[in-house]
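Student: Could you help me learn to read a structure that is new to me?
Tutor: Gladly; let us look at it together.

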Amino acid sequence: MKITKVVIAKKKVEEYAGELLVAFIARDGAGELVGDGLLKPLLPSLQGFKEFSAKKEQYFLIYPGVSPIKGLPPCKRLLLLGLGDIAAMSGPSEIFELLRTAGGLIAGQCKRNLVTTVGLNIPELEGLDDDLVGEYVAEGILLGAYQFLKYQKKDDDVYPGLKKIEFISHDHGNRSKIGKGIDRGVNSALAACAARDMANEPGNCWTPGHFADAAKKIAKELKLKCTILEKSDMTRLAMGGILAVNKGSEEAPKMVILEYNRQKNVDTLLLVGKGLTFDSGGISLKPAQGMMDMKYDMCGGAAVLAAMGAIARERLGVNVVAIVPSTDNMAGGGAVKPGDVITHYGGITSEIENTDAEGRLILADAMAYGIEKYQPACVIDLATLTGAVIIALGHHYSGLLSNNDQLAARLVAAGKMCGEPLWRLPLGEMYAKQIKSKVADIKNTGGKPAGSITAAEYLHKFVGEVPWAHLDIAGTAWDFTEKSYIPGGPSGIGVRTLIELLRSWENGILTKDNS
Ligand code: BES
Ligand code: MN
Ligand code: ZN
């Protein structure tokens with residue numbers, strides 16, 4: 001990932017002479033355009049253009065050098081960006097999403113016009129502090145500017161990436177506050193982009209060993225504790241789930257553990273991410289069409305590791321343990337077979353009905369182990385777990401399943417704030433019944449009906465009463481809802497939800513009873 005410099009420049013916007021200057025224009029309830037002082041002379045002449053009425057996501061590119069207009073700054077390009085009627089918006093989450101989307105559009109224009117430095121004047125929005133405006137615009141630009149070019153040869157017409165974002169502020173008073181907001185936006189966007197980078201790596205270049213190396217690197221940079229459980233450790237600990245999934249593979253499994261220990265007397269949260277580096281289905285082989293996408297079956301693990309980096313960087317006030325059980329799911333000669341019975345960490349036995357339902361097997365070991373060892377206040381797992389969640393929710397919401405209303409509500413709120421919406425699905429004994437086995441304690445599939453729920457009920461067996469939430473991101477980890485700041489490919493979903501959740505975490509109030 002190339003580094004983008006983000007600065008607050010002490011410049012006068014009227015004198016900005018760079019490659020691209022962005023000016024935001026809102027509209028009031030009556031449809032009148034409302035813009036910066038700089039734009040005042042321009043607003044009347046814009047009124048006649050139907051293609052630009054400052055509705056949100058509308059934009060208009062002007063080249064002041066080509067057709068000089070009196071009073072405009074000496075920049076090469078001026079991008080007028082509509083924000084719509086802010087006063088009519090439903091609340092902060094809608095405005096934050098608007099700003100991120102505006103950021104994504106700016107990034108899109110930079111890419112299209114091969115612009116590498118962009119300047120912008122933070123718009124003054126009524127009722128919203130400048131630091132928040134800076135935060136979400138910066139986040140949107142960086143998320144939108146993301147590209148993955150590692151395996152392509154460099155070409156002149158390939159966009160080299162955004163080198164610099166200049167927030168132009170002539171007013172010295174609140175610069176440090178704005179700076180803090182921008183830092184938050186940069187931190188969360190870069191974390192999401194780090195997760196996208198891991199996901200974009202092909203299966204032959206991103207193995208469990210790469211997950212281990214990535215965790216070690218984060219640990220070194222941020223002084224975290226990193227432990228890698230090797231296959232021999234898994235054997236000693238009797239982690240029959242991950243070992244079974246790994247049986248058909250040439251690649252050694254890893255259980256990657258990162259610990260961020262902030263202080264005593266605050267909650268410890270356990271994050272678990274599915275790190276399946278390629279899911280062929282195993283002996284219950286997947287059809288060829290679309291199988292390539294199964295290199296993304298590690299997006300939960302990537303999200304958890306990337307979020308951990310951001311959490312430690314911001315020194316958030318909780319203790320966090322992240323575990324990424326990682327292996328691929330292959331059909332080698334030794335592979336686990338339908339009908340086999342395995343024993344999970346902790347002793348629960350499971351009949352393998354379908355070797356393609358492997359995510360729950362590796363997560364179960366990781367969650368049971370993590371709960372026993374770290375006694376967390378709650379557990380959150382992220383996994384591309386079921387195709388069924390795409391049938392239920394499409395590519396617009398991640399599925400949320402939880403045994404705890406408080407935790408579920410906090411996650412729903414966090415997801416809403418950061419544009420990664422969650423929709424809760426129920427759990428229940430009647431669903432748990434579907435995974436009863438005749439030969440073992442449970443079986444790893446529950447039939448077609450409610451596939452996402454029965455998968456979650458499988459995990460539920462390993463958390464019991466501990467407050468737990470499961471995010472099924474199979475529909476959103478890639479092919480996520482089209483947005484200007486989600487440029488195709490892996491979305492980095494979950495990273496910003498976790499960061500948002502932990503930024504506003506209140507210690508000690510999560511209760512076990514579900515009320
Ligand atoms: N990794 C897949 C789930 C998946 C499917 C993610 C499509 C993203 C897109 C998971 O391991 C899987 O194969 N699940 C099976 C479970 C079934 C066999 C009970 C599925 O959803 O078909
Ligand atoms: Mn599978
Ligand atoms: Zn899978």
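Here is a short conversation about some features of this structure.

Student: What should I know before starting?

Tutor: This is a predicted model, where local features need pLDDT of at least 70 and side-chain atom pairs count only at pLDDT 80 or more, while totals for chains, interfaces and linings use all residues. Residues are numbered from 1 along each chain as its sequence is written, chains are lettered from A and ligands numbered from 1 in the order in which they are written, and side-chain values use heavy atoms, with hydrogens and water left out.

Student: Which protein atoms hold the zinc ion (ligand 3)?

Tutor: Donors are N, O and S atoms within 2.8 Å of the metal (3.2 Å for Na, K and Ca); water is not among the atoms, so sites may look incomplete. For the zinc ion (ligand 3), the protein donors are Lys274 (NZ), Asp279 (OD), Asp297 (OD) and Glu358 (OE), at 2.0 to 2.4 Å. Along the sequence, these donor residues follow the spacing K-x4-D-x17-D-x60-E. Lys274 sits in the loop between strand S10 (268–273) and strand S11 (275–279), and Asp297 in the loop between S11 and helix H8 (299–313), 23 residues apart.

Student: What arrangement do the donor atoms around the zinc ion (ligand 3) have?

Tutor: Four donors are tetrahedral if all angles lie between 85 and 135 degrees; four count as square planar and six as octahedral if opposite donors are over 155 degrees apart and all others between 65 and 115; anything else is irregular. The arrangement at the zinc ion (ligand 3) is octahedral, because its 6 donor atoms subtend angles of 78 to 175°.

Student: And which residues serve the manganese ion (ligand 2)?

Tutor: Its protein donors are Asp279 (OD), Asp356 (O), Asp356 (OD) and Glu358 (OE), lying 2.1 to 2.2 Å from the manganese ion (ligand 2). Here the 6 donor atoms subtend angles of 69 to 166°, which makes the arrangement irregular. Asp279 is in strand S11, and Asp356 is in the loop between S14 and helix H9 (359–374), 77 residues apart.

Student: How far apart are the zinc ion (ligand 3) and the manganese ion (ligand 2)?

Tutor: They are 3.1 Å apart, and Asp279 coordinates both.

Student: Are Lys274 and Asp297 buried or exposed?

Tutor: Buried means under 20% relative accessible area, exposed over 50%, and partly exposed in between (1.4 Å probe, protein chains only). Lys274 is buried at 1%, and Asp297 is buried at 2% relative accessibility. Asp279 is buried too, at 3%, whereas Asp356 is partly exposed at 22%.

Student: How do I read a helix such as H4?

Tutor: Helices (H or I, at least four residues) and strands (E, at least two) are DSSP runs, numbered from the N terminus. The expected span of a helix is 1.5 Å times one less than its number of residues. Helix H4 (residues 175–200) has 26 residues and reaches 36 Å from first C-alpha to last, close to the expected 38 Å. Of those 26 residues, 19 are buried.

Student: What does the side chain of Arg496 touch?

Tutor: A polar contact is a pair of N or O atoms within 3.5 Å; within protein, one must be able to donate a hydrogen and the other to accept it, and residues adjacent in sequence count only if both atoms are side-chain atoms. Arg496, in helix H14 (residues 495–503), makes such a contact through its side chain with the side chain of Glu139 (3.0 Å). Arg496 is buried, with a relative accessible area of 4%.
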